Amino acid sequence: MSIFTPKISLKVAEQLCARFSTAIRSGIDPLKLLDMESKIGTKRHQAAAADVRQRLLGGDTLSEAMSHRSDYFPWLMTNLVDAGEQAGGIDKSFAYLSQYYRDLRNTRSSFLKQISWPVIQILLAIMIISLFIWLMGVLFNDPSQDNYDPLGFGLKGVSGVLTLWFYIAVVSIAIGIVVRAIWKNWFGLHSLLMPLAINVPVIGAVFKYLALSRLTMVLSLLLNAGVDAIRAVQMAFTSTGNNYYIRQAPQSIAAVKKGQTLSESFAASRVLPREFIEAVEVGELSGNETESLDALARQYDSQAKNALLTMSVTASVLIWIMIAGLIIFLIFRFFLNYVNMIQDLSNGKF
């Protein structure tokens with residue numbers, strides 16, 4: 001499928017996962033759920049649900065059927081559903097996903113609200129600057145005065161305004177494409193950027209705690225279901241969706257094959273925090289890994305939410321600072337050019 005094909009929206013993903021979690025916990029057949037989904041929402045949603053239902057009838061598991069519609073269902077959803085199927089706790093996977101997509105929606109909404117005023121400010125600044133550029137073209141339309149413009153960029157009159165808007169549009173589109181490319185993982189950018197982003201302040205904390213929350217939750221599900229250690233370790237690392245962790249999975253798997261304990265195997269990856277290793281170790285010694293992991297998963301989930309909120313606030317503040325800096329720069333540039341014009345007038349250069 002094309003990378004430009006839109007996937008399921010955050011709102012629809014949240015609602016879909018919530019419905020599936022509640023229904024499966026109540027014992028409702030997934031086929032019946034999918035039949036209902038194929039009759040609601042957009043045509044694209046209906047088609048995807050109908051396709052998954054048809055593949056289920058053909059013998060595929062739910063995760064296998066969803067993976068065939070990777071153009072619609074995100075990789076994370078399919079992967080965690082697979083882990084839930086392996087562990088016999090698919091309702092828990094959908095519950096986690098529903099909360100995850102809800103948190104993402106809330107963070108996005110909060111971020112957009114916080115940057116709305118700075119964006120309005122920059123738009124007003126652009127309009128005011130455009131007005132000045134147009135006025136300079138009207139007031140100083142003598143060819144002998146072509147050396148003057150309000151910002152010193154050689155922009156005057158209608159052509160100057162259009163040129164300004166063109167450059168603003170080009171920069172805005174370029175930024176938008178880059179942001180969307182990263183968000184949608186075009187060309188597999190995540191595999192390149194995740195290992196770098198994990199070490200960036202604020203942003204790194206979001207990726208770290210989201211990854212650890214998924215890893216811990218999935219591992220708890222799998223161990224509780226009696227899934228063999230090798231498969232449990234592999235799926236736990238894969239569930240993070242973060243290449244910083246995934247690429248260390250072979251080291252932990254090799255340790256398991258050598259007969260080392262789970263805690264020793266995870267320690268061999270050298271990327272997991274001490275508290276995670278200790279929780280696994282305590283669980284092994286007490287014979288109840290899932291209880292320790294469930295508590296840690298809730299802790300990581302809470303830290304992930306706090307990190308998302310911090311990132312949203314930090315990003316909005318940085319955007320505000322950049323916009324304020326741009327406005328101040330343009331004001332000073334205009335003022336300095338105005339002072340230069342006054343000096344030129346006093347020196348008889350006009």
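Let me start with a word I'll lean on throughout: a residue is buried when its relative accessible area is under 20%, and exposed when that area is over 50%. With that in hand, hello everyone. What you have in front of you is a predicted model, so confidence comes up before anything else.

The chain averages a pLDDT of 82, and 91% of the residues score at least 70. Where does confidence peak, and where does it drop? It is highest in helix 3, residues 43–57, with 94, and lowest in helix 8, residues 189–197, with a mean of 73. Residues 1–5 fall below 50 in pLDDT, and that stretch makes six contacts in the model beyond near neighbours in sequence.

Now to helix 2, which covers residues 30–37. Which of its residues are buried? They are Leu33, Leu34 and Glu37. Looking down the axis of helix 2, the buried residues fall within an arc of 95°, so they line one face of the helix. They pack against helix 1, helix 3 and helix 4. At the start of helix 2, Asp29 brings a side-chain oxygen to within 3.0 Å of the backbone nitrogen of Leu31.

Helix 12, residues 249–257, can be read in a similar spirit. Its buried residues are Ala249, Ser252, Ile253, Ala255 and Val256. They cover an arc of only 155° around the axis, which puts them on the same side of helix 12. And what sits on the face turned away from that buried side? There you find Pro250 and Lys257, both exposed. The cover over the buried residues of helix 12 includes helix 10, helix 11 (243–246) and helix 13. Just after helix 12 comes Gly259, with a positive phi of about 95°.

Helix 13 brings me to a polar residue. Ser263 lies in helix 13. Is Ser263 buried or exposed? With a relative accessible area of 6%, against a cut-off of 20%, Ser263 is buried. Its side chain makes a polar contact of 3.0 Å with the side chain of Glu284. Leaving aside residues up to four places away in sequence, Ser263 touches Ile277, Val280, Glu281 and Glu284.

On to the aromatic rings. How many aromatic pairs are there? The count comes to eight. In one of them, the ring centres of Tyr72 and Phe73 are 5.2 Å apart and the planes stand at 80°; an angle over 60 degrees counts as edge-to-face, so that is what this pair is. Tyr72 and Phe73 are both buried. Another pair, Phe237 with Phe266, is tilted, at 5.8 Å centre to centre and 40° between the planes. This pair links distant parts of the chain, with Phe237 in helix 10 (residues 229–239) and Phe266 in helix 13 (residues 262–267), 29 residues apart. Both Phe237 and Phe266 are buried, and together with Phe276 they form one aromatic cluster.

Last topic: charges. Side chains of opposite charge can pair when their charged atoms come close. The structure holds twelve salt bridges. One of them joins Glu14 and Arg105, with the closest N and O atoms 2.9 Å apart. Glu14 is in helix 1 (residues 10–25) and Arg105 in helix 6 (residues 90–139), 91 residues apart, so the pair links distant parts of the chain. How do the two partners compare in accessibility? Glu14 is buried at 9%, whereas Arg105 is partly exposed at 27%.

Arg69 and Asp51 meet in a salt bridge as well, at 3.7 Å from N to O. Arg69 sits in the loop between helix 4 (62–67) and helix 5 (75–87), while Asp51 belongs to helix 3, 18 residues apart. Here Arg69 is the buried partner, at 12%, and Asp51 counts as partly exposed at 23%.

For a local example, take Asp301 and Lys305, whose side chains meet at 3.6 Å, N to O. Why can this pair be called local? Because Asp301 and Lys305 are four residues apart in helix 15 (residues 289–346), they are separated by about one helical turn. Lys305 is partly exposed, at 33% relative accessibility. Finally, salt bridges with shared partners join Arg44, Asp51, Arg55, Arg69 and Asp71 into one network. Thanks for listening!

Technical notes:
Residues are numbered from 1 along each chain as its sequence is written. Side-chain values use heavy atoms; hydrogens and water are left out. pLDDT is the predictor's confidence in each residue, from 0 to 100. Helices (H or I, at least four residues) and strands (E, at least two) are DSSP runs, numbered from the N terminus. Contact means heavy atoms within 4.5 Å. Rings of Phe, Tyr and Trp (its six-membered ring) pair if their centres lie within 6.5 Å; planes under 30 degrees apart count as stacked, over 60 as edge-to-face and the rest as tilted. Buried means under 20% relative accessible area, exposed over 50%, partly exposed in between (1.4 Å probe, protein chains only). A polar contact is a pair of N or O atoms within 3.5 Å; within protein, one must be able to donate a hydrogen and the other to accept it, and residues adjacent in sequence count only if both atoms are side-chain atoms. A salt bridge is a side-chain nitrogen of Lys or Arg within 4 Å of a carboxyl oxygen of Asp or Glu. The arc is that of the directions from the helix axis to the C-beta atoms.
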